[in-house]
Amino acid sequence: MAAPAKSTDASVSVTSGQSATVLVAENVPLQYSLILDHLIGDKRPIKDLNPTVMGALPSPQKTEEQKMIERGMESCAFKSLIACVGGFVLGGAFGVFTAGIDSNVGLDPKDPLRTPTAREVLRDMGQRGMSYAKNFAIVGAMFSCTECLIESHRGKSDWKNAVYSGCITGGAIGFRAGLKAGVLGCGGFAAFSAAIEYYLR
């Protein structure tokens with residue numbers, strides 16, 4: 001009889017100990033919930049993403065002059081100017097190249113049998129180069145300006161900006177020869193811009 005009484009007392013003591021442990025556990029929050037509060041909860045401290053903390057070299061604070069220069073370089077006017085200068089140089093080089101391989105450069109229409117002098121050849125090459133340079137500069141400035149304005153209006157930087165800009169530029173250039181030429185120019189420039197964006201991206 002003594003042994004069962006002891007076992008009963010032991011079971012009662014174990015049960016009371018478990019209930020006391022459960023009551024204590026209910027009153028004390030769990031450790032992982034505290035960790036979650038500090039990681040993703042309201043108690044999470046906001047840390048400054050300083051490059052030194054992330055293992056990179058510290059970058060100095062930008063001055064107002066640097067910010068102003070960056071805003072100027074990101075403006076549509078500056079982009080159009082760069083495209084205009086680049087188009088002028090590229091167009092001039094292309095015009096001189098095409099004039100160099102053209103056998104009719106320097107020939108006089110009134111006397112086609114006469115051999116042109118070096119000065120006449122150089123003059124014709126310069127005139128063709130200047131003509132190509134002006135055309136390329138105008139097209140480059142128009143394309144860059146319209147693309148920048150469309151990108152600023154849409155708030156996105158994707159291939160559609162170049163397609164819209166190509167259509168506007170080609171349509172404006174071709175519209176001088178009529179409505180049909182404007183439509184063809186719009187479609188041609190848009191397709192060319194889409195192909196260039198596809199290969200570049």
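Q: Which residues does UniProt list for "transmembrane region" in this protein?
A: The unreviewed UniProt entry lists residues 76-101 and 181-200 under that name, and the coordinates on which these spans can be examined here belong to a predicted model.

Q: How much helix and how much strand do residues 76-101 hold, and how far apart are the end C-alpha atoms?
A: An annotated span can be set beside its secondary structure and its end-to-end distance. Residues 76-101 are 96% helix and 0% strand, with 37 Å between the end C-alpha atoms, while residues 181-200 are 100% helix and 0% strand, with their end C-alpha atoms 28 Å apart.

Q: How many disulfides does the structure hold, and how are the bonded cysteines paired in sequence order?
A: A disulfide is assigned where two cysteine sulfur atoms lie within 2.5 Å. The structure holds two of them, and when the bonded cysteines of the protein chain are numbered in sequence order, the pairing reads 1-2, 3-4.

Q: What does the torsion about the S-S bond say of C76 and C148?
A: The sulfur atoms of C76 and C148 are 2.0 Å apart in this disulfide, and the torsion about their S-S bond is about -80°, so the link is left-handed. The pair connects distant parts of the chain, with C76 in helix 4 (residues 76-100) and C148 in helix 5, 72 residues apart. Both C76 and C148 are buried.

Q: Which elements does the link between C167 and C186 connect, and is C186 buried or exposed?
A: The S to S distance between C167 and C186 is 1.7 Å, and this disulfide ties distant parts of the chain, namely C167 in helix 6 and C186 in helix 7 (residues 179-200), which are 19 residues apart. With -55° about the S-S bond, the link is left-handed. As for accessibility, C186 is buried at a relative accessible area of 18%, whereas C167, at 25%, counts as partly exposed.

Q: Why is C145 not bonded to C76?
A: The distance between sulfur atoms decides the matter: the closest cysteine sulfur to that of C145 is in C76, and because it is 6.1 Å away, it is too far for a bond. C145 is partly exposed, with a relative accessible area of 27%, and C84 is also partly exposed, at 28%.

Q: Where is D158 placed, and which side chain does D158 contact?
A: A loop residue can be located by the helices on either side, and D158 sits in the loop between helix 5 (118-154) and helix 6 (159-174). Its side chain is joined to that of R154 by a polar contact of 2.8 Å. The C-alpha atoms of D158 and R201 are separated by 9.4 Å, although these residues are 43 residues apart along the chain.

Note on methods: Residues numbered from 1 in each chain as written. Predicted model: local features only at pLDDT ≥ 70, side-chain atom pairs only at ≥ 80, totals over all residues. Heavy atoms only, no water. UniProt positions renumbered as here; feature names shortened; annotations may be inferred. Helix = DSSP H or I, 4+ residues; strand = E, 2+ residues; numbered from the N terminus. Polar contact = N/O pair within 3.5 Å; in protein donor to acceptor, adjacent residues only side chain to side chain. Buried < 20%, exposed > 50% of the residue type's maximum accessible area, 1.4 Å probe, protein only.
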